[in-house]
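This report goes through one protein chain, from its salt bridges to its core and its pocket. Please keep the sequence and the structure in view while reading.

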Amino acid sequence: MTNEPYPSFHELINQTDAEMQRLGWTVEQGREHLMKYYGVRSRSLLTQEELDNFLLYLQLTDSPTPQ
C-alpha cells in the first residue's frame, strides 16, 4: 500500500470529472485546457499537485467553456 495523501489521485480524477460535467465541458475542452496550462492532453499525466490545482480551477469556475 502506498502512502498517498488524501484525496488520492483517483479521487481527484473523479472530482474533476464531476466538475467538468457540472460546467458542461466536453472531453476535448478539458484536453484543450490541459494542453494550454500544463502541456499535456491527459489528467493522468499531471502530478497530484497539478491535478489538485486543476480541480480547484474547475471548482472556482462558473463559465461553461474553458478560458
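## Salt bridges

Asp17 is partly exposed, with a relative accessible area of 35%. Here buried means under 20% relative accessible area, exposed means over 50%, and partly exposed lies in between, computed with a 1.4 Å probe on protein chains only. The model is predicted, and local features need pLDDT of at least 70, side-chain atom pairs count only at pLDDT 80 or more, while totals for chains, interfaces and linings use all residues. Residues are numbered from 1 along each chain as its sequence is written, and side-chain values use heavy atoms, with hydrogens and water left out.

Asp17 forms a salt bridge with Arg43, and their closest N and O atoms are 2.7 Å apart. Asp17 belongs to helix α1 and Arg43 to the loop between α2 and α3, so this pair ties together parts that are 26 residues apart in sequence. A salt bridge is a side-chain nitrogen of Lys or Arg within 4 Å of a carboxyl oxygen of Asp or Glu. Arg43 counts as buried, at 19% relative accessibility.

How many salt bridges does a search of the whole structure find? The search finds two. The other pair is Glu19 and Arg22, with the closest N and O atoms 2.7 Å apart. Glu19 and Arg22 are three residues apart in helix α1, so about one helical turn separates them. Glu19 is buried at 16% relative accessible area, whereas Arg22 is partly exposed at 44%.

## Overall layout

The protein chain has three helices and zero strands. From the N terminus on, its elements run α-α-α. Helices (H or I, at least four residues) and strands (E, at least two) are DSSP runs, numbered from the N terminus. Of the 67 residues of the chain, 33% count as buried. Among contacts between residues at least 6 apart in sequence, 69% join residues at least 24 apart. Contact means heavy atoms within 4.5 Å.

## The nonpolar core

In soluble globular proteins, nonpolar side chains tend to be buried together. The largest nonpolar core in this model has 12 residues, namely Leu12, Ile13, Met20, Leu23, Trp25, Leu34, Val40, Leu46, Leu51, Phe54, Leu55 and Leu58. Helices α1 and α3 (48–60) each supply at least two residues of this core. A nonpolar core is a set of buried Ala, Val, Leu, Ile, Met, Phe, Trp, Tyr and Cys residues joined through side-chain atoms within 4.5 Å.

Two core members can be followed further. Phe54 touches Thr16, Met20, Trp25, His33, Leu34, Tyr38 and Arg43, not counting residues up to four places away in sequence. Leu55 lies in helix α3 and is buried, with a relative accessible area of 4%. Leaving aside neighbours within four places in sequence, Leu55 is in contact with Leu12, Gln15, Thr16 and Glu19. The C-alpha atoms of Leu55 and Asn14 are separated by 9.8 Å, although these residues are 41 residues apart along the chain.

## The pocket

Which residues line the largest pocket? The lining consists of Ile13, Asp17, Met20, Val27, Gly30, Arg31, Leu34, Arg41, Ser42, Arg43 and Ser44. The elements that give two or more residues to this lining are α1 (9–23) and α2 (27–38). The largest share, four residues, comes from α2. The volume of the pocket is about 160 Å³.

On a 1 Å grid over the protein atoms alone, a pocket is an open set of points where a 1.4 Å probe fits, with protein on both sides within 12 Å along at least five of seven lines; lining residues have an atom within 4 Å of a point. Grid points are joined across faces, edges and corners, and the volume is the space filled by probe spheres set on the points.

One of the lining residues, Ser42, is placed in the loop between α2 and α3. The C-alpha atoms of Ser42 and Glu32, 10 residues apart along the chain, are separated by 9.8 Å.

## Three further residues

The table lists accessibility for Ser42 and two residues from other parts of the chain.

| Residue | Place | Relative accessible area |
|---|---|---|
| Thr61 | segment after α3 | 8%, buried |
| Met35 | helix α2 | 39%, partly exposed |
| Ser42 | loop between α2 and α3 | 27%, partly exposed |

Leaving aside neighbours within four places in sequence, Thr61 is in contact with Arg22 and Leu23. On the same basis, Met35 touches Val40 and Arg41.
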